Amino acid sequence: RAFIPQLIRARGLILNISSISSTVADLYCSAYSATKGALNSYSRTLRLELRPFNVRVMVAVTGTVKSKIASRINTKLPEDSIYKPVEDFYIKRHTFSQDTVPMDTDRYATKIVEQASKGEGYLGGWFGRTPDWYWIGGLSTRTWILTFLPVRWGEATVEMLSEDDVITERIQAANAKI
């Protein structure tokens, strides 16, 4: 609220950084996915609320990008975790963004700034303007395509790629011993 008057005067832009995790299931990252999904919803509503004032809202839906995010995550599960039998998958998931076609950080930042700097465009914003949604980073195009398919297909894709059958088998085998 404190910045709204300045944004209105400048016909400014709010840029929110989201994640592909907001649109597809992201194994062992439910809280992160939920917060990014909430950010998407907030951005949609904020865009509509501020449009009459010529303030734009852009969401960068980010795929894999080189960063130090994995170094900040405790990959050691507690001994009593229900996921202990698949701790190797848990660790692998938390380094996934750094191991799977990550975009260079400088390239990512440059592309975001290029898109954000386009401004209001021309012909009433129909052409050449800052996009409302900008999909960028490794796996972002593939994830964007999944948004046009039934949700269950996206979940099935994640299940297959995350070897869900192996995870399920190991967890069930461990629980059978209890």
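**Entry 1: Y90**

I started with Y90 and found it in helix 3, which covers residues 87-99. A reminder to myself: this is a predicted model. Is Y90 buried or exposed? I looked up its relative accessibility, which is 15%, so Y90 counts as buried, the cut-off being under 20%. I then checked Y90 against Y28, which sits 62 residues away along the chain. Their C-alpha atoms are separated by 6.8 Å.

**Entry 2: salt bridges around K84**

Next I turned to charged pairs. Side chains of opposite charge can pair when their charged atoms come close. How many salt bridges does a search of the whole structure find? I got 11.

I looked at K84 and noted a salt bridge with E79, at 3.4 Å from N to O. K84 also meets E87 in a salt bridge, and here the N to O distance is 3.0 Å. I checked the burial of this second pair, and both E87 and K84 are buried. E79 has a relative accessible area of 64%, so I wrote it down as exposed, since exposed means over 50%.

**Entry 3: R170 and D88**

I moved on to R170, which forms a salt bridge with D88. The closest N and O atoms of R170 and D88 are 2.7 Å apart. Where do the two partners lie? I found R170 in helix 7 (residues 164-176) and D88 in helix 3, so I have the pair down as a link between distant parts of the chain, 82 residues apart. I looked up accessibility for each partner: R170 has 31% and counts as partly exposed, and D88, at 41%, counts as partly exposed too.

One more note on salt bridges: those that share partners join R47, R51, R129 and D132 into one network.

**Entry 4: the whole chain**

I finished by stepping back to the protein chain. I counted seven helices and three strands. Read along the sequence, they follow the pattern α-β-α-β-α-α-β-α-α-α. I boxed the C-alpha atoms along the principal axes and got roughly 65 × 35 × 30 Å.

What share of the 178 residues is buried? I have 36% for that. I also looked at contacts between residues at least 6 apart in sequence, and 72% of these join residues at least 24 apart. For the surface, I noted about 11,400 Å² exposed, with carbon and sulfur atoms supplying 60% of it.

My last look-up was charge: the chain has 23 positive and 18 negative charges, and their mean positions are 10 Å apart.

Conventions:
Residues numbered from 1 in each chain as written. Predicted model: local features only at pLDDT ≥ 70, side-chain atom pairs only at ≥ 80, totals over all residues. Heavy atoms only, no water. Helix = DSSP H or I, 4+ residues; strand = E, 2+ residues; numbered from the N terminus. Buried < 20%, exposed > 50% of the residue type's maximum accessible area, 1.4 Å probe, protein only. Salt bridge = Lys/Arg side-chain N within 4 Å of Asp/Glu carboxyl O. Contact = heavy atoms within 4.5 Å. Areas by Shrake-Rupley, 256 points an atom, 1.4 Å probe, with all protein chains shown as cover. Lys, Arg positive; Asp, Glu negative; His and termini not counted. Charge placed at Lys NZ, Arg CZ, Asp CG, Glu CD.
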